[in-house]
Amino acid sequence: MKRRNFIKFFVLFSSILFFKPSRLFASINSVKLGQKAPNFLLNGFNRNNPNQKEWTLEDFSGKWLILYFYPKDFSSGCTLQAKGFQDNLSKFRRLDSSVVGISADNEEEHESFCTSAKLGYTLLSDTTGEISKSYDSWLDPYSKRNTFMINPKGIVVYKWIGVRPIGHAQEVLEELIKQKKIYA
């Protein structure tokens with residue numbers, strides 16, 4: 001490694017460790033565990049319920065909610081993540097939980113994505129980023145890849161920040177099993 005590159009790397013690494021986090025990470029702690037999840041009212045699509053056009057947090061009350069934010073329909077990482085949740089959807093349902101994805105894509109893009117990827121859960125459109133911002137999951141013009149587990153009373157009980165798409169659904173499923181035992 002050249003000296004110049006080493007110095008750049010060292011300065012960057014030091015600034016991450018010793019100084020205020022960058023805009024990317026600045027607000028990841030404002031959605032607090034044990035507190036009420038921020039409410040939402042968003043348009044979206046669910047191929048199993050095509051007549052419903054709007055969803056709120058209350059639509060999922062009384063059930064566990066896996067609320068995940070992702071950057072873009074049809075991108076490789078987002079497709080892997082979405083299919084991971086779809087592959088485990090029957091397990092999530094047996095655990096009395098719903099899976100919902102949120103991105104800045106519009107409803108038509110969600111409909112196309114749900115159809116092509118054969119997704120059986122709701123995708124919501126946060127085109128302005130306002131809901132993503134309330135969940136600390138916005139880096140203009142996209143939602144950041146974060147996931148929140150919300151219990152049947154609307155309380156955030158677990159969160160994943162900066163998710164890696166591969167294996168994430170299984171990780172969430174395992175945590176859901178643990179959380180259901182805690183809140184039983």
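The turns below go through some strands, a pocket and two residues of a predicted model.

User: How are the residues numbered, and what pLDDT do local features need in this predicted model?

Analyst: Numbering starts from 1 along each chain as its sequence is written, and side-chain values use heavy atoms, with hydrogens and water left out. In this predicted model, totals for chains, interfaces and linings use all residues, side-chain atom pairs count only at pLDDT 80 or more, and local features need pLDDT of at least 70.

User: Which residue in β2 stands opposite Leu41?

Analyst: Helices (H or I, at least four residues) and strands (E, at least two) are DSSP runs, numbered from the N terminus, and two strands pair if DSSP finds at least two bridges between them. Strand β1 (residues 41-45) and strand β2 (residues 54-56) run antiparallel and are joined by three bridges. Opposite Leu41, in β2, stands Thr56.

User: Which residue of β5 stands opposite Gly44?

Analyst: β1 also pairs with strand β5 (residues 122-125), in the antiparallel sense and over three bridges. Within β5, the residue opposite Gly44 is Leu124.

User: Which element supplies the largest share of the lining of the largest pocket?

Analyst: A pocket is an open set of points on a 1 Å grid over the protein atoms alone, where a 1.4 Å probe fits, with protein on both sides within 12 Å along at least five of seven lines, and lining residues have an atom within 4 Å of a point. The largest pocket is lined by 16 residues, of which Asn46, Phe60, Arg93, Ser98 and Thr122 lie nearest its centre. Both α3 (89-94) and β4 (97-103) supply at least two residues of this lining, and the largest share, four residues, comes from β4.

User: Is Thr147 buried or exposed, and with which side chain does its own side chain make a polar contact?

Analyst: Thr147 lies in strand β8 (residues 147-150), and it counts as buried because its relative accessible area is 0%, where buried means under 20%, exposed over 50% and partly exposed in between, with a 1.4 Å probe and protein chains only. A polar contact is a pair of N or O atoms within 3.5 Å; within protein, one must be able to donate a hydrogen and the other to accept it, and residues adjacent in sequence count only if both atoms are side-chain atoms. At 2.8 Å, the partner of the Thr147 side chain is the side chain of His168.

User: What separation do the C-alpha atoms of Ile150 and Gln35 have?

Analyst: Ile150 is placed in strand β8 and is buried, with a relative accessible area of 1%. Ile150 and Gln35 are 115 residues apart along the chain, and their C-alpha atoms are separated by 9.7 Å.
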